[in-house]
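Q: Hi! Could you walk me through this one while I have it open?
A: Happy to, let's pull it up.

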Amino acid sequence: MQYLQKNDRQIYNLIQKEEKRQYSEVRLIPSENYTSKAVMEASGSVLTNKYSEGYAGKRYYQGQVYIDEIEILAKTRAEELFKVSHANVQPYSGSPANLACYMALLEPGDKIMGMTLTSGGHLTHGASVSAIGKLFEIVPYTVSEKTGLLDFDELEKIAIKEKPKLIIAGYTAYPRKVSFSKFKAIAKKVGAYLHADIAHISGLIVSGEHPSPSPHADTIMTTTHKSLRGPRGAMIMCNSKLAQDIDRAVFPGLQGGPHDNTTAAIAVALKEALGSDFRKYGKQVVRNAQALAEGLQEIGLKLSTGGTDTHLILADVTPLGLIGKQAAVALEKAGLIVNANTIPFDKRSPFSPSGIRLGTPAITTLGMKEKEMKEIVKFIKEVFDHVDNDRKLKQVRKEVEEFMASYR
Ligand SMILES: Cc1ncc(COP(=O)(O)O)c(C=O)c1O
C-alpha cells in the first residue's frame, strides 16, 4: 500500500493497526471471516472506477465490454454453486437485498412473517426500527421456550391464523439446521411465498453441511462476506419465473450502479467455493463449532438448544454470574472477540443481554482445528474466572497473541 502510505498516512496507519489486530486476536464473531488475497485484489481493483447501471447486454452507459463478462461470470458461478436458475449479484449488501425481495413479491402493507430480533431474526425480518417494520405488517414468530428450537406446529398455527403473504426462514443467531422443506409445506398451505435468508449459512450449504433451500424457497438471499468468505455484498437467487421481478426490484427499484469491483470479488470467492477445499472448510467449521460448544458447556455456560450443528453458538453466561456485555468486554481485553447477544426469552434487556454469540468461520479459515478449540476454551475460562482483574486479562492477552502468532 505504498501509495496510501504516501497520500494518507492516517488511514494507512489505521489499516495497518486493524490488520495487526485481525491476526493477533481470536475472531469469534460468526458473521466475520478472512477473504483470500485474490478476493481483496479484485475488490481493490480499477473496477471501482466504472459505472454500469443495468444488466449485462442492457446497460445505460457505454464501456461495458469487460464488466458484462465479469458480471456474467459471477452470476453463472452463483447459479452453478447454489443450483438455481437465476442469480442477481448486484445488491450492495444483505439488508437492501432482503428489501429487494420483499419489494419484488409484495405490496407495502402486506404481511411478512419473520423471527423476532431477540430470538435470532435479523433487523430486516421485521424489527420495528427497520424500514421493513414500517413498510410491512409484521407477524412475529419465535422459537420454543422449552427447547430453543423452531416449533413447526406453532409456526403453522400462526401462519394459518395470520395468512402472511411471505414467510422468512433464516437467522442471525440460530445454532441449528433449518428445515426449509417444513417451511415450504407451511407456506404452501397458506399461499405464502417462502423467502430463505441464508446470509449466515450459505458457506455451509455449498459445502454440503446444511440442507439447501433451493428446491423449496421462492427467493433466496445471501450475503457474500460471512461463511461464504467473499467481499462485503449480497446475492439474490430465484427461479426463472421470478427473475425479472427480482432484477427490477434491485435495479432500478432500489439501487443505481452496481459496485463492479465487488461483483468481480464475488466471482472470485464463488470460484473458490466451487473448489473441493471449500467442502473441507465447511466441514471443519462445523466440527470446530461443536468442539467449542462442548468445551464452553464444560466450563459452565448454558448453550441455547444445548449445542450447535452449524458455525454458531449462542451461550447464556448468567450461570457463571456474568452478563453478556461484561463477558464480551472482558474477553476483548484478553484478545478474544465475540458479541453480546440476547438469548431467546431473555430475562434481561436487548441493551444488556444475558448471552454471547460465537462462531468459527474466521478461525477455521486460519487453519484451526478441534485441538485449538480446546485452547480457546481454556483462554475463555481464564477470562471468566478473572473478569474484573485487568492484570490477569492482560496476561491472557499475551498468551492469546503468542497462540495467534503461528496463524499469520
Ligand atoms: C440473517 C441476516 N440477514 C441479513 C443480514 C444483513 O446483511 P448486511 O449487514 O450486509 O446488510 C444479516 C447481517 O448480519 C444477517 O445475519
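Q: How far apart do the C-alpha centres of domain 1 and domain 2 lie?
A: In this predicted model, those two centres are 28 Å apart. The contact between them takes 24 residues from domain 1 and 24 residues from domain 2.

Q: And what is the side of domain 1 that touches domain 2 made of, by class?
A: That side divides into twelve polar, six nonpolar and six charged residues.

Q: Where are the domain bounds, by the way?
A: The assignment puts domain 1 at 40-274 and domain 2 at 279-407.

Q: Switching to the ligand: how many residues surround the ligand, and which are the closest?
A: There are 14 around the ligand, and the closest are S93, G94, S95, T172 and A199. By class, the shell has eleven polar, two nonpolar and one charged residues.

Q: Which helix gives the most to that shell?
A: Helix α5 (residues 94-105), with three residues.

Q: Now α4. Which residues are buried there?
A: I67, I70, E71, A74, K75, R77, A78, L81 and F82. They sit on the same side of α4, because they cover an arc of only 160 degrees around the axis.

Q: What do those buried residues pack against?
A: They pack against β4 (86-88), α9 (202-206), β10 (234-238) and α11 (260-274).

Q: And which exposed residues does the face turned away carry?
A: V65, E69 and E80.

Q: What happens just after α4?
A: K83 takes a positive phi of about 55 degrees there.

Definitions and conventions
Residues are numbered from 1 along each chain as its sequence is written. This is a predicted model: local features need pLDDT of at least 70, side-chain atom pairs count only at pLDDT 80 or more; totals for chains, interfaces and linings use all residues. A residue is buried if 20 or more other C-beta atoms lie within 10 Å of its own, exposed if 12 or fewer, and partly exposed in between; C-beta atoms are placed from the backbone. Helices (H or I, at least four residues) and strands (E, at least two) are DSSP runs, numbered from the N terminus. The arc is that of the directions from the helix axis to the C-beta atoms. Two residues are in contact if their C-beta atoms, placed from the backbone, lie within 7 Å. A residue is near a molecule or strand if its C-beta atom, placed from the backbone, lies within 6 Å of it. Ala, Val, Leu, Ile, Met, Phe, Trp, Tyr, Cys and Pro count as nonpolar, Asp, Glu, Lys and Arg as charged, and the others, Gly among them, as polar. Domain bounds come from an automatic or database domain assignment.
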